[in-house]
Amino acid sequence: MKNANVRIVGYEEVYADAFARLNIEWLERYFYVEDYDRNVLENPKEHILDPGGYIFFALAGTEVVGTVALIHRGNLGFELSKMAVTDTFQGLRIGQKLMYHCIDFAGKNNMKRLFLDSNTLLKPAIRLYQKVGFKEIAIPEKLQYARCNIRMELNV
């Protein structure tokens with residue numbers, strides 16, 4: 001069994017390929033890669049970091065085993081997005097560690113609201129979001145992703 005002892009670090013250019021790879025891996029497993037996904041994953045600096053967002057990575061030793069982003073969405077707050085854990089490290093609560101890191105980071109940086117768009121087919125993910133306090137809210141008419149059928153928020 002893999003050791004779930006991971007550390008969470010911020011974005012470094014050396015991890016950019018892992019950010020795209022991990023997200024494409026899970027998207028292709030459960031859905032498909034939408035044009036918006038591909039654009040964000042291939043240009044994270046332009047679409048996430050430069051507009052005031054953040055990307056975090058879960059490292060097991062030097063191996064990137066998970067990732068998550070906080071995308072600044074203006075008055076809406078920060079979108080918790082692009083969370084993925086590599087297949088061989090599933091079930092070790094790495095997603096939960098990434099989630100708690102984001103919530104803690106949001107609190108320390110005066111971010112008042114986090115929200116996420118997901119799909120109810122992802123039952124373990126939805127349970128995790130509920131466990132940490134996210135509540136389902138109305139879905140806006142226009143979403144970034146065609147696959148999403150649920151929006152959830154957390155006031156930090």
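Two strands are taken to pair if DSSP finds at least two bridges between them. The legends below describe a predicted model.

**View 1. An open, mixed sheet of seven strands.** The strands follow the order 1-2-3-4-5-7-6, and their pairing is mixed. Strand 1 (7–10) and strand 6 (135–137) form the edges, each pairing on one side only. Between neighbouring strands of this sheet the average turn is 30°, direction ignored.

**View 2. The antiparallel pairing of strand 1 with strand 2.** Four bridges connect strand 1 to strand 2, which spans residues 54–60. Within this pair, Val9 stands opposite Phe57 of strand 2.

**View 3. Helix 5 packed on the sheet.** Helix 5, comprising residues 123–131, touches strand 4 (78–85), strand 5 (113–118) and strand 7 (150–155). The direction of helix 5 makes about 25° with that of strand 7.

**View 4. The largest pocket and the elements that line it.** The volume of the largest pocket is about 910 Å³. At least two lining residues come from each of helix 1 (16–30), strand 4, helix 4 (94–108), strand 5 and helix 5. Strand 4, strand 5 and helix 5 thus appear both in this lining and in the packing of helix 5 on the sheet.

**View 5. Residues at the centre of the largest pocket and the make-up of its lining.** Of the 39 lining residues, Met83, Gln90, Pro124, Ala125 and Leu128 lie nearest the centre of the largest pocket. Sorted by class, the lining contains 20 nonpolar, eight polar and eleven charged residues.

Technical notes: Residues are numbered from 1 along each chain as its sequence is written. This is a predicted model: local features need pLDDT of at least 70, side-chain atom pairs count only at pLDDT 80 or more; totals for chains, interfaces and linings use all residues. Side-chain values use heavy atoms; hydrogens and water are left out. Axes are lines fitted to C-alpha atoms, for helices over the stretch in contact, and angles run from 0 to 180 degrees between N-to-C directions. Contact means heavy atoms within 4.5 Å. On a 1 Å grid over the protein atoms alone, a cavity is a set of points where a 1.4 Å probe fits but cannot get out, and a pocket is an open set with protein on both sides within 12 Å along at least five of seven lines; lining residues have an atom within 4 Å of a point. Grid points are joined across faces, edges and corners, and a volume is the space filled by probe spheres set on the points. Ala, Val, Leu, Ile, Met, Phe, Trp, Tyr, Cys and Pro count as nonpolar, Asp, Glu, Lys and Arg as charged, and the others, Gly among them, as polar.
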